Amino acid sequence: DTRMPGISSKAAAAAAEWDPMYAGGKQPFGAGPFAGVDGLLRKWVKAGGTVLDVGAGYGRDSLWMARELSCIVTAVEPGQSGVDAMSAAARRGEASPGSVDALTCCASEFDFSSHAATFDAVVMDSVLQFITPDLRASVMRGVCGALRPAGTLIVIGWPNEDDPSWVSKLIVEAAGGGIEIAVDADKLECDAVFDGEKTHMEWSVTVAKASVPIPTEKA
């Protein structure tokens, strides 16, 4: 077992692909949110609010929200090199005037029950598709339960042409009521950077608003 002390086998497996990509301060997707994603965050994330960034990578969105929107961000990422990069950036003042607390953890192991009704926003940017289907419902229940009433869930991922609204359905089913879909699978196109090369990307955006506290676990 070569994983770092304190890191579970699930987190280690989730990090296996991404950790080397972020090692040594590498930023394969650029320093900040993809073009257009910054506008989404500015529109839907409460300035000065508390945010949970699930699958935060090396902090492109987390650091931006802290710096540009003065948010207090909890960033969950299984890759230790990504967590180290975020923590180092925060120490350099790159999260100011907000803050970023980076935790080494995969989404399925985050303690949502200890963070019930805690966050003004939860961001899942390019992460839901990497959570295995058998875990998506429980993770989404936890995510929805972490929202305060009037809190916002923002999910950005790959389009699914066979079932464009699959994310909305997952959210509504997981929440069991108390949440409304504000944006259902809107298309976002942008030119993104990957390892220094520009590439055209197409994303699907879903936004949901909580109206009441939602249980983090299935009754």
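Which residue lies over the face of F34? In this predicted model, that residue is R60, at 4.3 Å from the ring centre. The description below starts from the sheet and then returns to the ring of F34.

The model contains an open sheet of seven strands. Their order is 3-2-1-4-5-7-6, and the pairing is mixed. Strand 3 (99–104) and strand 6 are the edge strands, each pairing on one side only. On average, neighbouring strands of this sheet are turned by 20° against each other, direction ignored. Strands of a sheet pair through backbone hydrogen bonds, either parallel or antiparallel. Both senses can be followed here at the two edges.

At one edge, strand 2 (residues 72–77) and strand 3 run parallel. Six bridges join them. Within this pairing, V76 stands opposite L103 in strand 3. The loop between helix 5 (80–91) and strand 3 holds P97. A cis peptide bond joins S96 and P97, with omega at about 15°. Ahead of strand 2, the loop that follows helix 4 (60–69) contains S70. S70 is not a glycine, yet its phi is positive, at about 60°. Its relative accessible area is 31%, so S70 is partly exposed.

At the other edge, strand 6 (residues 179–194) pairs with strand 7 in the antiparallel sense. This pairing extends over 13 bridges. E189 stands opposite E202 in strand 7. The two strands form a hairpin, with two residues between them. D195 lies in the turn and has a positive phi of about 50°. A second positive phi occurs within strand 6 itself, at A185. The value there is about 55°, although A185 is not a glycine. At 22% relative accessibility, A185 counts as partly exposed.

Two helices lie across parts of the sheet. Helix 6 (133–145) lies across strand 1 (50–54), strand 4, strand 5 (147–157) and strand 6. Helix 6 runs at about 135° to strand 5. Helix 7 (residues 166–175) lies across strand 5, strand 6 and strand 7. The angle of helix 7 to strand 6 is about 135°.

Helix 7 is mostly covered, with seven of its ten residues buried. These are W166, V167, S168, L170, I171, A174 and A175. An α-helix has 3.6 residues a turn, so residues three or four places apart point the same way. The buried residues of helix 7 pack against helix 6, strand 5, strand 6 and strand 7. G176 follows the helix, and its phi is positive, near 65°.

Two polar positions illustrate the surroundings of strand 4 (119–125). D120 is found in strand 4. D120 counts as buried because its relative accessibility is 14%, below the 20% cut-off. Beyond residues up to four places away in sequence, D120 touches K46, G49, T50, L147, R148, G151 and T152. Q129 is found in the loop between strand 4 and helix 6. Q129 is also buried, with a relative accessible area of 17%. Leaving aside neighbours within four places in sequence, Q129 is in contact with R136, I156, G157 and W158.

A pair of aromatic rings is described by the distance of the centres and the angle of the planes. A search of the whole structure finds five aromatic pairs. One of them joins F34 and W203 in a stacked arrangement. Their centres are 5.6 Å apart, with 20° between the planes. F34 lies in the loop between helix 2 (19–22) and helix 3 (37–44), and W203 lies in strand 7 (residues 197–210), so the pair ties together parts that are 169 residues apart in sequence. Both F34 and W203 are buried. The rings of F110 and F112 meet at another angle. Their planes stand at 75° and their centres are 5.0 Å apart, so this pair is edge-to-face. F110 and F112 are both buried.

Ring pairs also link F29, F34 and W203 into a cluster. F34 therefore brings together several of the features above: a loop position paired with strand 7, a place in the ring cluster, and R60 over its face.

Notes:
Residues numbered from 1 in each chain as written. Predicted model: local features only at pLDDT ≥ 70, side-chain atom pairs only at ≥ 80, totals over all residues. Heavy atoms only, no water. Phe/Tyr/Trp six-rings, centres within 6.5 Å; stacked < 30°, edge-to-face > 60°. Helix = DSSP H or I, 4+ residues; strand = E, 2+ residues; numbered from the N terminus. Buried < 20%, exposed > 50% of the residue type's maximum accessible area, 1.4 Å probe, protein only. Lys NZ or Arg CZ within 6 Å of the ring centre and 35° of its normal. Contact = heavy atoms within 4.5 Å. Pairing = 2+ DSSP bridges. Axes fitted to C-alpha atoms, helices over the stretch in contact; angles between N-to-C directions.
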